[in-house]
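Let's take a walk through this one together. Have a look at the fold for a moment, and then we'll go through it piece by piece.

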Amino acid sequence: MDIDQHYSDHMEETTLLDQLHQRYPEGPTLYQLAPIDQLHIGGIKASEKLLQQLELLQPGRILEIGSGAGGLMRMISSRSSAEIIGIDITHRFNALNSAITQLARIPASPVITCDAQQLPFANNSFDCIIFQHSLLNIPDTARCLQECRRVLNNEGSLLLHEVLEGPAPLRMHYPVPWARTADQSHLISYTALYELLQASGFRLKRAENWSEDALQWRQRQAAKEKENEKEKKPEAPQISPSQILGEDFNKMGPNVIANLTEGAVEVWQLSCIAKG
Ligand SMILES: C[S@@+](CC[C@H](N)C(=O)[O-])C[C@H]1O[C@@H](n2cnc3c(N)ncnc32)[C@H](O)[C@@H]1O
């Protein structure tokens with residue numbers, strides 16, 4: 001199955017947009033949108049931490065790769081004057097991203113449907129590139145990083161908030177939010193990524209292992225989801241990641257906890273500079 005089908009096949013965008021509109025007629029806030037537009041381990045809190053790194057850099061022109069439903073793009077647009085462009089291989093995600101931005105009354109930013117392994121931009125087009133749980137789906141990491149280096153200015157920044165392969169990759173449980181089966185997941189180890197970054201023209205400036213926080217966040221989410229399930233009211237259905245990922249989401253959450261606990265995956269934040 002192609003990766004865009006993994007994200008599109010269960011997407012209920014019409015129902016989701018109707019519900020958002022009915023529930024938040026004045027426009028949803030970034031926090032109200034988080035269950036469906038912050039589709040990474042750590043949610044909006046992890047994005048806040050990532051944006052602290054971005055604020056230190058003050059880039060003028062940013063590219064987000066694998067922008068999904070657009071949660072991070074809207075956070076950036078609503079708190080800085082930077083120009084942000086999103087790209088994603090899943091066209092229906094891009095349409096949903098734009099529709100939510102309009103509903104939330106946030107100025108629109110361009111979103112382009114394309115493959116991160118072949119970026120449709122000229123050399124030296126951006127000051128910063130961000131990946132948030134999207135490198136994990138990309139089969140040719142080296143090619144993708146080379147493309148990033150090509151379109152980044154010298155001394156530009158590459159920020160990665162990614163799931164990497166842990167010390168026990170054979171203990172991996174599927175489905176996970178980024179893959180129903182092993183062929184859709186393209187995790188690499190921290191060491192392999194470090195070497196590919198160097199070889200692609202990047203210097204690592206800072207690396208933090210966020211796995212412990214990620215595990216605690218997922219455990220808190222699981223408790224909330226259980227609570228919501230108990231209080232389920234048919235007249236006011238919950239806005240939930242299952243409206244994007246389908247009923248398999250009920251298995252994906254517990255599998256993320258198992259994968260983090262058993263060391264199959266780790267969550268890292270890396271900041272790199274494009275060597276001149
Ligand atoms: C786990 S989702 C994360 C979405 C978003 N970054 C977030 O954190 O909410 C991964 C995203 O990467 C996109 N993606 C996967 N492979 C891609 C590729 N080769 N080029 C561009 N986008 C890709 C998917 O369509 C999906 O939107």
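A good place to start is out on the surface: arginine 105 has a relative accessibility of 57%, so it counts as exposed. Keep in mind as we go that this is a predicted model. Arginine 105 sits in the loop that runs between helix 6 and strand 3 (111-113). Its backbone is worth a look too, since arginine 105 has a positive phi of about 55 degrees although it is not a glycine.

Histidine 133 does the same sort of thing with its backbone: here, too, phi is positive, at about 55 degrees, in a residue that is not a glycine. You'll find histidine 133 in the loop between strand 4 (126-132) and helix 7 (141-151). Is histidine 133 buried or exposed? Its relative accessibility is 9%, and the cut-off for buried is under 20%, so histidine 133 counts as buried.

While we're looking at loops, swing over to the one between strand 3 and strand 4, where glutamine 118 lies. Glutamine 118 is exposed, with a relative accessible area of 55%. Measuring sticks out: from glutamine 118 to aspartate 183 it's 20 Å, C-alpha to C-alpha, with their positions 65 residues apart in sequence. One more loop deserves a stop, the one between strand 5 (152-165) and helix 8 (190-199), which holds proline 175. The peptide bond leading into proline 175 from tyrosine 174 is cis, with omega near 0 degrees.

Now for the rings. How many aromatic pairs are there? The count comes to 3. One of them joins tyrosine 7 and phenylalanine 93: the ring centres are 5.6 Å apart and the planes meet at 45 degrees, so this pair is tilted. Tyrosine 7 belongs to helix 1 (residues 3-8) and phenylalanine 93 to helix 6 (residues 91-103), so the pair ties together parts that are 86 residues apart in sequence. Both tyrosine 7 and phenylalanine 93 are buried.

Another pair is made by phenylalanine 121 and phenylalanine 126. Their ring centres lie 5.0 Å apart and their planes stand at 90 degrees, so this pair is edge-to-face. Phenylalanine 121 counts as buried at 13% relative accessibility, and phenylalanine 126 counts as buried at 0%. There's also a ring with a charge for company: the charged end of lysine 49 sits over the ring of tryptophan 210, 4.1 Å from its centre.

That leaves the ligand. Which residues come nearest to it? Out of the 21 residues around the ligand, those are Leu39, His40, Gly66, Asp88 and Thr90. Sorted by class, the shell has 7 nonpolar, 10 polar and 4 charged residues.

Some of the polar contacts are easy to pick out by eye. Glycine 66 uses its backbone, with a polar atom there 2.7 Å from a nitrogen of the ligand. Aspartate 88 brings a polar side-chain atom to 2.5 Å from a ligand oxygen. In aspartate 115, an N or O atom of the side chain is 2.9 Å from a nitrogen atom of the ligand. As for cover, the ligand taken alone exposes 590 Å², and the protein buries 98% of that.

Definitions and conventions
Residues are numbered from 1 along each chain as its sequence is written. This is a predicted model: local features need pLDDT of at least 70, side-chain atom pairs count only at pLDDT 80 or more; totals for chains, interfaces and linings use all residues. Side-chain values use heavy atoms; hydrogens and water are left out. A residue is near a molecule or strand if one of its heavy atoms lies within 4 Å of it. A polar contact is a pair of N or O atoms within 3.5 Å; within protein, one must be able to donate a hydrogen and the other to accept it, and residues adjacent in sequence count only if both atoms are side-chain atoms. Accessible areas come from the Shrake-Rupley method with a 1.4 Å probe; for residues, only the protein chains shown count as cover. Ala, Val, Leu, Ile, Met, Phe, Trp, Tyr, Cys and Pro count as nonpolar, Asp, Glu, Lys and Arg as charged, and the others, Gly among them, as polar. Rings of Phe, Tyr and Trp (its six-membered ring) pair if their centres lie within 6.5 Å; planes under 30 degrees apart count as stacked, over 60 as edge-to-face and the rest as tilted. Helices (H or I, at least four residues) and strands (E, at least two) are DSSP runs, numbered from the N terminus. Buried means under 20% relative accessible area, exposed over 50%, partly exposed in between (1.4 Å probe, protein chains only). A charge sits over a ring if NZ of Lys or CZ of Arg is within 6 Å of the ring centre and within 35 degrees of the ring normal.
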